[in-house]
Structure formats: structure tokens, C-alpha cells
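Let us take a walk through this protein together. Please have the sequence and the 3D view open as you read.

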Amino acid sequence: MRPLPSAADAVHDWIVVGLRSAEQNAVLARQARRAGLGFIGVPALSLRPAADCAIALAHLRAALDCPLCLFTSPAAVLHADRLQRLSGWRGLALAVGSGTAAALRRAGVDRVATPPTGMHSEGLLALPELAMPDRIGLVSAPGGRGMLEPVLRERGAEVCRADVYRRACGRIGRRHADAIVQADRPLAVLVTSGEALDCALAALPPSPRVRLLAALAVTSSERLQHRAEQCGFERTVLAASPRWPELLAAIRGHAKPDAIR
């Protein structure tokens with residue numbers, strides 16, 4: 001008798017759908033394939049330099065002049081480093097998550113702090129360094145949740161904000177839509193950005209949009225889980241963080257042997 005497939009075998013029956021920029025999807029694709037999963041990259045976001053680099057550089061220098069500087073994403077680190085090399089900067093960098101912290105260290109920043117739990121704005125705001133801040137730099141992009149700056153100001157901080165890049169909806173074409181419709185295995189959609197989810201659902205034609213909403217939404221926070229449900233996903237699972245190992249663990253936890261086609 002053929003043995004019952006294990007949950008590890010079951011995860012191989014899934015195709016992961018990434019909804020980030022083309023560069024971010026390329027990283028996810030390598031991680032998914034190493035884990036034995038299929039992958040469809042849907043470039044829902046496009047990451048671009050700041051509209052006015054001279055203004056962005058001036059704001060960045062003011063942010064880096066603060067004793068604390070908060071970086072909201074690996075992209076914020078990358079684009080800041082392109083405007084002005086971060087190597088040699090001696091301030092304390094606060095990173096939303098481990099990916100941002102790793103990007104800072106690659107850029108040559110030695111002093112980096114991250115939340116011990118919760119790779120999101122709430123976890124960052126719980127750091128003791130931000131309990132009663134004085135002056136703090138905020139390196140980010142326009143849009144997003146917009147939670148950090150108002151809370152920091154409510155706590156009495158002078159916030160020196162530097163928007164060093166910008167996000168826009170990416171170009172989702174027919175080949176991306178066809179890949180979703182023609183997928184012959186269950187889909188697991190990685191929902192790690194509400195903005196990316198909105199862009200994807202707005203750009204996809206009706207048929208692939210319906211197929212996407214019928215997929216499993218793997219969300220990286222309770223907020224995004226609620227948002228995915230509001231958008232029409234009937235099946236959602238909450239990952240411990242937006243890091244790949246935790247996203248994969250959430251898929252593994254959902255993949256049961258009796259679910260294999």
C-alpha cells in the first residue's frame with residue numbers, strides 16, 4: 001500500500017503567488033523553488049527613486065543627523081544608500097524587521113536595533129528607544145500605513161522624514177494573468193502589503209481575479225488578514241512574520257495530506 005503523503009510532501013503541491021516588485025518576486029521565486037514549490041510572480045508594485053533626488057538627499061541628511069533613525073524597509077535602506085553612502089554613519093538605526101536590519105548591516109551600519117517580536121510598526125513602537133523620543137529620523141516612502149510618524153509626534157518627538165523612494169503600481173500583463181488562470185495546482189498568495197494587494201486586484205481581469213480570490217491568502221499580520229478577508233478571500237492563514245521561513249511554515253501548516261489532489 002502506498003504510504004499516506006506527509007505535510008512536507010503536501011506543500012510541494014502548491015504554487016506560491018508573489019505580489020511584490022519584480023526584484024522582490026525574484027528573491028521569493030528562488031526561496032519557493034528551493035522549498036520545492038511552484039512560483040508565479042505578479043509585479044503588483046514598482047519601486048522607483050524619489051521624484052526629486054536633491055530634496056530627498058537634503059531630507060536624508062537631516063534624518064541621519066538625528067541620534068535615532070528609523071528605516072521602514074530594505075528598499076528604504078537601498079535607496080538611502082544610493083543617495084548617500086550609509087557606511088560610516090554612527091547613529092543608531094531602528095529597523096522594522098530582520099530584512100531591513102540585514103540591509104542596514106550590508107550597507108555598513110554597525111548599530112542596528114529591531115523589535116524582539118512583531119516585525120511591524122507596532123513592534124517597533126514598543127522598543128524602549130521610542131518610549132520618549134526627542135529627535136528621530138524616518139527614512140521611508142510616501143504612502144503605506146502612515147502609522148509611525150503620527151504616533152512618534154504624539155509622543156513628543158521631532159520627526160525628520162526623508163522619503164528616499166516611491167512605490168507605484170507595477171505593470172501586470174496578460175502573461176501574469178494567464179499564469180494564474182492556467183495554474184494546475186492550489187495557489188497560496190503571499191499578502192505582505194495591503195498596497196500591493198490593492199494594485200493586483202485592480203489590475204487583474206475578472207477571471208484571474210476570481211481565481212486569485214479563491215486561493216489561500218498567507219498574511220503576515222492580523223491587519224492584513226482582515227484586509228484580505230474584506231477583499232474577498234474566503235481562506236486565509238496568519239504567518240508569524242513576513243519573513244520567508246514563517247510564510248512557508250504557514251503554508252506547511254495549512255497543507256494537509258488529505259488536501260492533495
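Which residue forms a salt bridge with Arg174? In this predicted model, the partner is Asp178, and the closest N and O atoms of the two are 3.5 Å apart. Both residues belong to helix H8, which covers residues 174-182, and their spacing of 4 residues is about one turn of the helix. The two partners can be told apart by accessibility: Arg174 is exposed, because its relative accessible area is 71%, while Asp178, at 28%, counts as partly exposed.

That pair is part of a wider set, for the structure holds 11 salt bridges. If you move along to Arg185, you will find its side chain meeting that of Asp184 in another salt bridge, at 3.9 Å from N to O. Here the acidic partner, Asp184, is exposed, with a relative accessible area of 61%, and Arg185 is partly exposed at 26%. Elsewhere, Glu149, Arg153, Arg161 and Asp163 are joined into one network by salt bridges that share partners.

Now look for a salt bridge that reaches across the chain. Arg167 pairs with Glu195, and their closest N and O atoms are 2.8 Å apart. This pair links distant parts of the chain, since Arg167 sits in strand S9 and Glu195 in helix H9, with their positions 28 residues apart. Glu195 is partly exposed, as its relative accessibility is 26%.

Strand S9 and helix H9 have a covalent connection too. A disulfide joins Cys169 to Cys199, with an S to S distance of 2.0 Å. Cys169 lies in strand S9 (residues 165-169) and Cys199 in helix H9 (residues 194-203), so this is again a link between distant parts of the chain, 30 residues apart. Why is this disulfide called left-handed? The torsion about the S-S bond of Cys169 and Cys199 is about -70°, and the sign makes it left-handed. Its two ends are set differently: Cys199 is buried, with a relative accessible area of 8%, whereas Cys169 is partly exposed at 45%.

The structure holds 1 disulfide, and it is worth checking some other cysteines. Cys69 is in no disulfide, and its nearest cysteine sulfur, that of Cys66, is 6.8 Å away. Cys69 is buried, with a relative accessible area of 0%. As for Cys231, the closest cysteine sulfur is in Cys199, at 11 Å, and that is too far for a bond. Cys231 is partly exposed, with a relative accessible area of 27%.

Finally, turn to the sheet. Five strands form an open sheet in the order S6-S5-S4-S7-S8, with parallel pairing. Strand S6 (112-113) and strand S8 (158-163) stand at its edges; each has a single partner strand, so one side of each is left without a neighbour in the sheet. Further in, strand S4 (residues 68-71) pairs with strand S5 (residues 92-95) in the parallel sense over 4 bridges. Within that pairing, Leu68 has Leu92 of S5 as its bridge partner. Helix H3 (residues 53-64) packs on the sheet, where it touches S4, strand S7 (135-140) and S8. The direction of helix H3 makes about 140° with that of S8.

Conventions:
Residues numbered from 1 in each chain as written. Predicted model: local features only at pLDDT ≥ 70, side-chain atom pairs only at ≥ 80, totals over all residues. Heavy atoms only, no water. Disulfide = S-S within 2.5 Å. Helix = DSSP H or I, 4+ residues; strand = E, 2+ residues; numbered from the N terminus. Buried < 20%, exposed > 50% of the residue type's maximum accessible area, 1.4 Å probe, protein only. Pairing = 2+ DSSP bridges. Contact = heavy atoms within 4.5 Å. Axes fitted to C-alpha atoms, helices over the stretch in contact; angles between N-to-C directions. Salt bridge = Lys/Arg side-chain N within 4 Å of Asp/Glu carboxyl O.
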